[in-house]
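Please look at the sequence and the model below. The paragraphs that follow lead through its sheets, strand by strand.

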Amino acid sequence: DERCVPEADPRSNSGLARAALLRRVAPAKVFPMHAGRRGPDRGAAAYEALLRRRGIHRSGFDFCQLGIGEDGHTASLFPGDPALREKRRLVLHTRAPAGAPDRITLTLPMINRSRLTVFLVAGADKADILARLKRRAGRPALPCELVRPAGRLLLLVGKV
(Lines give C-alpha, C1' and ligand atoms only; values in the text may rest on other atoms or scores of the structure.)
Protein backbone atom coordinates (compact mmCIF):
# COMPACT_ATOMS: atom_id res chain seq x y z
CA ASP A 1 0.00 0.00 0.00
CA GLU A 2 1.04 3.61 -0.27
CA ARG A 3 0.00 6.84 1.35
CA CYS A 4 -0.79 9.71 -1.00
CA VAL A 5 2.32 11.68 -0.08
CA PRO A 6 5.48 12.47 -2.08
CA GLU A 7 8.10 9.69 -2.07
CA ALA A 8 10.46 11.93 -0.09
CA ASP A 9 7.89 12.21 2.73
CA PRO A 10 8.88 10.06 5.74
CA ARG A 11 5.36 8.48 5.67
CA SER A 12 5.91 7.09 2.14
CA ASN A 13 6.17 3.30 2.14
CA SER A 14 7.89 3.42 -1.24
CA GLY A 15 10.49 5.88 -0.02
CA LEU A 16 11.16 3.88 3.15
CA ALA A 17 11.39 0.57 1.28
CA ARG A 18 13.73 2.02 -1.33
CA ALA A 19 16.04 3.51 1.30
CA ALA A 20 16.13 0.35 3.43
CA LEU A 21 16.17 -2.43 0.86
CA LEU A 22 14.93 -1.91 -2.67
CA ARG A 23 17.80 0.22 -3.96
CA ARG A 24 19.75 -3.07 -3.93
CA VAL A 25 17.14 -4.90 -6.04
CA ALA A 26 17.06 -4.81 -9.84
CA PRO A 27 14.64 -2.02 -10.84
CA ALA A 28 12.81 -4.37 -13.22
CA LYS A 29 11.75 -6.43 -10.17
CA VAL A 30 10.35 -3.51 -8.14
CA PHE A 31 6.87 -2.10 -8.70
CA PRO A 32 6.37 1.01 -6.54
CA MET A 33 3.00 2.70 -6.29
CA HIS A 34 2.97 6.39 -7.17
CA ALA A 35 0.13 7.80 -5.13
CA GLY A 36 1.51 11.27 -4.47
CA ARG A 37 2.06 12.28 -8.09
CA ARG A 38 -1.20 11.09 -9.63
CA GLY A 39 -3.72 11.27 -6.83
CA PRO A 40 -5.37 8.21 -5.32
CA ASP A 41 -7.90 7.25 -8.01
CA ARG A 42 -5.56 7.69 -10.97
CA GLY A 43 -2.70 6.12 -9.02
CA ALA A 44 -4.79 3.03 -8.20
CA ALA A 45 -5.94 2.68 -11.83
CA ALA A 46 -2.37 3.10 -13.13
CA TYR A 47 -1.01 0.49 -10.72
CA GLU A 48 -3.72 -2.01 -11.60
CA ALA A 49 -2.99 -1.42 -15.30
CA LEU A 50 0.72 -2.10 -14.64
CA LEU A 51 -0.12 -5.38 -12.85
CA ARG A 52 -2.30 -6.49 -15.76
CA ARG A 53 0.20 -5.38 -18.42
CA ARG A 54 3.05 -7.28 -16.73
CA GLY A 55 0.91 -10.39 -16.08
CA ILE A 56 1.36 -10.07 -12.32
CA HIS A 57 -2.42 -10.11 -11.87
CA ARG A 58 -2.34 -13.80 -12.86
CA SER A 59 0.95 -14.98 -11.38
CA GLY A 60 0.98 -12.90 -8.20
CA PHE A 61 3.99 -11.36 -6.51
CA ASP A 62 7.02 -13.44 -5.59
CA PHE A 63 7.16 -11.63 -2.24
CA CYS A 64 4.62 -9.52 -0.37
CA GLN A 65 5.62 -7.81 2.89
CA LEU A 66 2.84 -6.67 5.17
CA GLY A 67 2.42 -5.28 8.64
CA ILE A 68 -0.41 -5.40 11.14
CA GLY A 69 -1.85 -2.20 12.58
CA GLU A 70 -3.04 -1.82 16.15
CA ASP A 71 -6.64 -2.25 14.89
CA GLY A 72 -5.84 -5.39 12.87
CA HIS A 73 -5.58 -3.60 9.52
CA THR A 74 -3.06 -4.66 6.93
CA ALA A 75 -1.96 -2.90 3.77
CA SER A 76 -4.55 -0.09 3.77
CA LEU A 77 -7.44 -2.47 4.40
CA PHE A 78 -9.15 -1.30 7.59
CA PRO A 79 -11.82 -3.03 9.71
CA GLY A 80 -15.29 -2.49 8.26
CA ASP A 81 -14.02 -1.03 4.96
CA PRO A 82 -16.01 -2.10 1.86
CA ALA A 83 -12.62 -2.73 0.17
CA LEU A 84 -12.44 -5.97 2.18
CA ARG A 85 -15.29 -7.38 0.08
CA GLU A 86 -13.75 -6.44 -3.29
CA LYS A 87 -13.44 -9.46 -5.58
CA ARG A 88 -12.56 -8.07 -9.06
CA ARG A 89 -10.35 -5.02 -8.61
CA LEU A 90 -6.68 -5.51 -7.76
CA VAL A 91 -5.90 -2.01 -6.48
CA LEU A 92 -8.15 0.53 -4.79
CA HIS A 93 -8.15 4.03 -3.37
CA THR A 94 -8.95 3.72 0.34
CA ARG A 95 -9.11 6.14 3.24
CA ALA A 96 -7.44 5.59 6.57
CA PRO A 97 -9.27 6.67 9.73
CA ALA A 98 -6.20 8.66 10.85
CA GLY A 99 -2.84 9.90 9.59
CA ALA A 100 -2.48 10.44 5.84
CA PRO A 101 -6.05 9.47 4.92
CA ASP A 102 -5.86 8.91 1.15
CA ARG A 103 -4.09 5.70 0.19
CA ILE A 104 -3.68 3.16 -2.56
CA THR A 105 -3.81 -0.49 -1.60
CA LEU A 106 -3.73 -3.93 -3.10
CA THR A 107 -6.97 -5.82 -2.55
CA LEU A 108 -7.15 -9.20 -0.85
CA PRO A 109 -7.49 -11.10 -4.15
CA MET A 110 -4.17 -9.62 -5.32
CA ILE A 111 -2.38 -10.01 -1.97
CA ASN A 112 -3.54 -13.61 -1.71
CA ARG A 113 -1.92 -14.55 -5.04
CA SER A 114 1.56 -14.00 -3.54
CA ARG A 115 4.03 -16.89 -3.41
CA LEU A 116 5.55 -15.70 -0.14
CA THR A 117 3.76 -13.33 2.23
CA VAL A 118 5.55 -12.08 5.31
CA PHE A 119 3.99 -10.15 8.17
CA LEU A 120 6.61 -8.13 10.07
CA VAL A 121 5.31 -7.16 13.49
CA ALA A 122 7.42 -5.39 16.10
CA GLY A 123 7.11 -2.83 18.85
CA ALA A 124 5.33 -2.56 22.16
CA ASP A 125 2.31 -0.98 20.43
CA LYS A 126 1.64 -4.34 18.69
CA ALA A 127 1.43 -6.47 21.85
CA ASP A 128 -2.32 -5.87 22.30
CA ILE A 129 -3.28 -6.76 18.73
CA LEU A 130 -1.17 -9.93 18.81
CA ALA A 131 -2.89 -10.98 22.04
CA ARG A 132 -6.31 -10.20 20.49
CA LEU A 133 -5.49 -12.29 17.43
CA LYS A 134 -4.69 -15.29 19.65
CA ARG A 135 -8.11 -15.00 21.39
CA ARG A 136 -10.27 -14.39 18.32
CA ALA A 137 -11.75 -17.86 17.67
CA GLY A 138 -15.22 -17.59 16.13
CA ARG A 139 -15.30 -13.79 15.82
CA PRO A 140 -15.53 -11.82 12.56
CA ALA A 141 -12.13 -11.75 10.92
CA LEU A 142 -9.91 -8.71 11.11
CA PRO A 143 -8.34 -7.59 7.81
CA CYS A 144 -4.99 -9.20 8.65
CA GLU A 145 -6.75 -12.54 9.21
CA LEU A 146 -8.20 -12.42 5.68
CA VAL A 147 -4.72 -12.74 4.20
CA ARG A 148 -4.59 -16.35 3.06
CA PRO A 149 -2.00 -16.48 0.31
CA ALA A 150 -1.71 -19.16 -2.33
CA GLY A 151 1.92 -19.63 -1.24
CA ARG A 152 3.66 -19.53 2.11
CA LEU A 153 2.75 -17.21 4.97
CA LEU A 154 5.27 -16.21 7.63
CA LEU A 155 4.68 -14.16 10.75
CA LEU A 156 7.89 -12.59 12.02
CA VAL A 157 7.45 -11.05 15.45
CA GLY A 158 10.11 -8.83 16.92
CA LYS A 159 10.23 -7.56 20.46
CA VAL A 160 6.71 -6.56 21.56
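**The two open sheets**

Strand β2 and strand β5 (residues 116-121) run parallel and are joined by 3 bridges; strands are DSSP runs of E of at least two residues, helices are runs of H or I of at least four, and both are numbered from the N terminus. Two strands count as paired if DSSP finds at least two bridges between them. C64 has T117 in β5 as its bridge partner. This is a predicted model, in which local features need pLDDT of at least 70 and side-chain atom pairs count only at pLDDT 80 or more, while totals for chains, interfaces and linings use all residues. Residues are numbered from 1 along each chain as its sequence is written, and side-chain values use heavy atoms, with hydrogens and water left out.

The pair β2 and β5 belongs to an open sheet of 3 strands, ordered β2-β5-β6 with parallel pairing. Because β2 (64-66) and β6 (152-157) each have a single partner strand, they form the edges, and one side of each lacks a neighbour in the sheet. From one strand to the next, the twist averages 20°.

Another open sheet of 3 strands follows the order β1-β4-β3, with antiparallel pairing. Here β1 (2-3) and β3 (91-95) stand at the edges with a single partner strand each, so one side of each is left without a neighbour in the sheet. Over 5 bridges, β3 pairs with β4 (residues 102-106) in the antiparallel sense. Helix α3 (residues 40-53) packs on this sheet and touches β3 and β4, contact meaning heavy atoms within 4.5 Å. The direction of α3 makes about 155° with that of β3; axes are lines fitted to C-alpha atoms, for helices over the stretch in contact, and angles between N-to-C directions run from 0 to 180 degrees.
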